[in-house]
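Colleague: I would like a close look at one part of this model. Please take the largest pocket: what lines the largest pocket, and which elements give two or more residues to the lining? Then follow the charged side chains outward from there.

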Amino acid sequence: AELDSVEGITVPYNKIVDCLTSCIHVAHINDILEKQKSLMQMYTAFLLPEHKWTVKTTAFLSIKELCSRLDNVAKDSQGSHEHVGVTSLVQEMFHSLSPKILHCISTIKIAQVHVSASECLLEVMKLAMGVPLVGTINEGFKDELLHQLEIEKNEGAKSILRKCVNILQDLK
């Protein structure tokens with residue numbers, strides 16, 4: 001009967017994201033690639049408007065950790081089957097997460113979020129530079145990024161967003 005009292009305990013989302021980040025840090029790359037769909041769904045969910053900015057900030061750190069893992073594998077695995085998996089995950093991250101990260105910058109009025117989101121976006125885009133991107137870059141995303149750069153008040157975020165814009169122009 002005592003176990004029943006565990007019901008209703010809510011784990012803060014930040015803790016779930018932290019746990020995810022730790023897993024990414026230690027997981028074998030093949031396991032990460034295998035869970036690509038779930039990872040994308042989780043990140044997409046954590047970046048939804050209903051989550052607090054603190055959760056999103058934790059998610060940005062987690063995505064950066066994933067980028068760093070993928071970056072290392074991409075460097076080490078040229079031409080292997082892992083490389084193919086990494087490429088597809090990077091494409092997926094670029095196409096599905098970038099717009100959501102950018103959306104967080106445009107909707108949340110907290111400088112710290114602007115900085116961490118911009119850093120996260122930059123990492124995703126740097127990765128994207130290293131792979132052939134499938135499909136064209138969404139013009140709406142590009143316009144929004146340029147617009148955000150224009151209106152960004154935080155200097156730190158602005159300089160990172162400028163790097164993002166430069167990468168985007170090179171990605172063509």
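Modeller: What follows starts at the pocket, moves to one glutamate in its lining, and then goes through the salt bridges.

This is a predicted model. The largest pocket has a volume of about 190 Å³. Three elements each give two or more residues to its lining: α5 (81–107), α6 (111–129) and α7 (139–151). The lining runs from Ile105, Ser106, Ile108, Lys109, Ile110 and Ala111 through His114 to Gln148, Ile151, Glu152, Lys153 and Asn154. By class, five of these residues are nonpolar, four are polar and three are charged.

Take glutamate 152 from that lining. Glutamate 152 sits in the loop between α7 and α8 (155–171). Glutamate 152 is buried, yet it has no salt bridge. Where is the nearest side chain of opposite charge? That side chain belongs to lysine 158, and it is 7.3 Å away. A salt bridge needs the nitrogen within 4 Å of a carboxyl oxygen, so lysine 158 does not qualify.

Glutamate 152 does have polar partners. Its side chain makes a polar contact with the side chain of histidine 114, at 2.7 Å. The side chain of glutamate 152 also reaches the backbone nitrogen of asparagine 154, at 3.0 Å. Histidine 114 and asparagine 154 both belong to the pocket lining.

Now the salt bridges. How many does a search of the whole structure find? The search finds three.

Start with glutamate 119 and lysine 64. Their closest N and O atoms are 3.0 Å apart. Glutamate 119 lies in helix α6 and lysine 64 in helix α4 (residues 53–76), so this pair ties together parts that are 55 residues apart in sequence. Glutamate 119 is partly exposed, with a relative accessible area of 29%. Lysine 64 is also partly exposed, at 23% relative accessibility.

Next come glutamate 123 and lysine 126. This salt bridge has its closest N and O atoms 3.5 Å apart. Both residues are in helix α6, three residues apart, so about one helical turn separates them. Glutamate 123 counts as partly exposed, at 26% relative accessibility. Lysine 126 counts as partly exposed too, at 43%.

The remaining pair is lysine 142 and glutamate 139. Here the closest N and O atoms are 3.9 Å apart. The cut-off is 4 Å, so the pair counts as a salt bridge. Lysine 142 and glutamate 139 are three residues apart in helix α7, which again means a separation of about one helical turn. Is lysine 142 buried or exposed? Lysine 142 is buried, with a relative accessible area of 16%. Its partner, glutamate 139, is partly exposed, with a relative accessible area of 46%.

Back to the starting point. Helices α6 and α7 both give two or more residues to the pocket lining. Helix α6 also holds glutamate 119, and it holds glutamate 123 with lysine 126. Helix α7 holds lysine 142 and glutamate 139. Glutamate 152, in the loop between α7 and α8, has no salt bridge, but its side chain contacts that of histidine 114.

Note on methods: Residues numbered from 1 in each chain as written. Predicted model: local features only at pLDDT ≥ 70, side-chain atom pairs only at ≥ 80, totals over all residues. Heavy atoms only, no water. 1 Å grid on protein atoms, 1.4 Å probe; cavity = no way out; pocket = protein on both sides within 12 Å on 5 of 7 lines; lining within 4 Å. Points joined across faces, edges and corners; volume = space filled by probe spheres on them. Helix = DSSP H or I, 4+ residues; strand = E, 2+ residues; numbered from the N terminus. Nonpolar A, V, L, I, M, F, W, Y, C, P; charged D, E, K, R; others polar. Buried < 20%, exposed > 50% of the residue type's maximum accessible area, 1.4 Å probe, protein only. Lys, Arg positive; Asp, Glu negative; His and termini not counted. Polar contact = N/O pair within 3.5 Å; in protein donor to acceptor, adjacent residues only side chain to side chain.
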